[in-house]
Amino acid sequence: MQKMKKNIAIVAGGDQSEQEVSLRSAAGIYSFINKDQYNLYIVTIIGQDWKVKDGDKEFNIDKNDFSFTNAEGKKITFACAYVTIHGVPGEDGKLQGYFELLNIPYTCCNVLAASITFNKFACNHFLKAFGVNVADSVMVKKGQKVDAEAITKRLGLPCFVKPNAGGSSYGVTKVKAADQIVPAIEKALHEGDQVLIEGLMTGTEITCGIYKTAEKTVVLPITEVVSHNEFFDYDAKYKGQVEEITPARLSAEVTARVQKQTAEIYDALGAHGLIRVDYIISADGTINLLEVNTNPGMTATSFIPQQVRAAKLDIADVMADIIEDSIANR
C-alpha cells in the first residue's frame, strides 16, 4: 500500500521590504523538497490577505485552522509549515505563536528565540552574556532626540546605521561623518521604529549555516563574503556584486572555532530548523558576531544551498530532516 504523502505549507510573503526575497526563497524551497515524498503548497501571507496556490488556482486560507478548501470542495490541512518569511510576521515570533496555538508543527525557531533574534540589539546583548564578541552599539527609537556627536565619539567613524529589526540590508548605511547620522537614521526608520548604530568591525566577513534534529547536529561549511561594494549591501546580496567562497579561506583552527561557536549560539538561543550566523573574523583571529538569521534566504544561489552543496549533502534530504524532525518534536 502506497504511503500517503504529507501536505506541507511553504509560508512566504510578509509585511516588510523583504517580501520579494521571501517569495524567491519559497520558490527555492519548493524546488528543493522531494515531491514524491510531500504535497507542497505555497502559502502567501501579506497583511490580512492569506492565499494558497493549488495548481493554477488560488484559494483563501481559513485563519481559524490554517486550512483551505480546494476546487473539489475538499478541506486541505497541513502536517507542517515550512516558514520562509524574512521579517514580520514570520521571523519575529508572531506566526510562531499562531502555529503554537493551532498545534501545527513549523520548521523555524520558537516564539522566544524568534523574538530575541529579530531584535538585533537584544540578541547581541543576550549572546554577549554567553561570551560572544559583539560590536559596541547604540539603539535609537523613533522620536528620540539624537546626539550625533556623542554617538560618533562613542562608536567612532565609520559606523553602521541599520534597522534594529529586519534583514536583507534594507535601510543600512555606512556612515563616515557625524552629519550623516541623522539622515541614515531617518532612512532606517522606514523599516521599523528602532534603529541600531554599530561600531565598525574590520576583518573577513563569513557566514555559517547549521541545523539540528533530535538525532544529529549538522554544521555546514563556512562561506567567505567578499563584497565588491563598500559593504555587503542589498545589491551585493541580490545583484551579484559579491564573491562568495565556500568553503571560506580560513585555517582549520579558525574554521573549527567558528563552527563550534555557531553550534553554541544555536543552543543558547534554543534555535530550531536551519539558521545562519554571520561573523567578522579580525586579523588576530577573534570571532565577532554580526547577526543571527533564523529564516535565512533559500534561493538556489543563497548561502545555505551553497553550503549544503559544499558539504556534499543532498538538499532534499536536508529539507526532509527538518520537516520530519519538526513534525515529530514540535
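With 330 residues, the protein chain would be expected to have a radius of gyration near 20 Å if it were a compact globule, and its value of 20 Å agrees with that. Keep in mind as you look around that this is a predicted model.

Let's start with the chain as a whole. Its C-alpha atoms fill a box of roughly 70 × 45 × 35 Å along the principal axes. Along the chain you can find 10 helices and 17 strands. Of the contacts with a separation of 6 or more, 63% join residues 24 or more positions apart.

Here are a few values for the protein chain side by side:

| Property | Value |
|---|---|
| Residues that count as buried | 54% of 330 residues |
| Exposed area | about 14900 Å² |
| Share of the exposed area from carbon and sulfur atoms | 50% |

What about charge? The chain carries 34 positive and 41 negative side chains, and the centres of these two sets lie 1 Å apart.

Now step inside. The largest nonpolar core has 26 residues, and those touching the most other members are Leu127, Val258, Ile265, Ile275, Tyr279, Leu289 and Val292. At least two core residues come from each of α3 (111-118), α4 (120-128), β13 (204-212), α8 (252-269), β16 (275-281) and β17 (287-293). The top contributor is α8, which gives seven residues.

Leu127 is a good residue to click on. Beyond its neighbours within four places in sequence, Leu127 is in contact with Val132, Ile265, Ala268, Leu269, Leu289 and Val292. Another core lies apart from the largest one; it has 24 residues, including Cys80, Val218, Met298 and Val308.

How values were computed: Residues are numbered from 1 along each chain as its sequence is written. This is a predicted model: local features need pLDDT of at least 70, side-chain atom pairs count only at pLDDT 80 or more; totals for chains, interfaces and linings use all residues. Side-chain values use heavy atoms; hydrogens and water are left out. Helices (H or I, at least four residues) and strands (E, at least two) are DSSP runs, numbered from the N terminus. The radius of gyration is taken over C-alpha atoms; the globule rule is 2.2 Å times the number of residues to the power 0.38. Buried means under 20% relative accessible area, exposed over 50%, partly exposed in between (1.4 Å probe, protein chains only). Contact means heavy atoms within 4.5 Å. Accessible areas come from the Shrake-Rupley method with a 1.4 Å probe; for residues, only the protein chains shown count as cover. Lys and Arg count as positive and Asp and Glu as negative; His and the chain ends are not counted. The place of a charge is taken as NZ of Lys, CZ of Arg, CG of Asp or CD of Glu. A nonpolar core is a set of buried Ala, Val, Leu, Ile, Met, Phe, Trp, Tyr and Cys residues joined through side-chain atoms within 4.5 Å.
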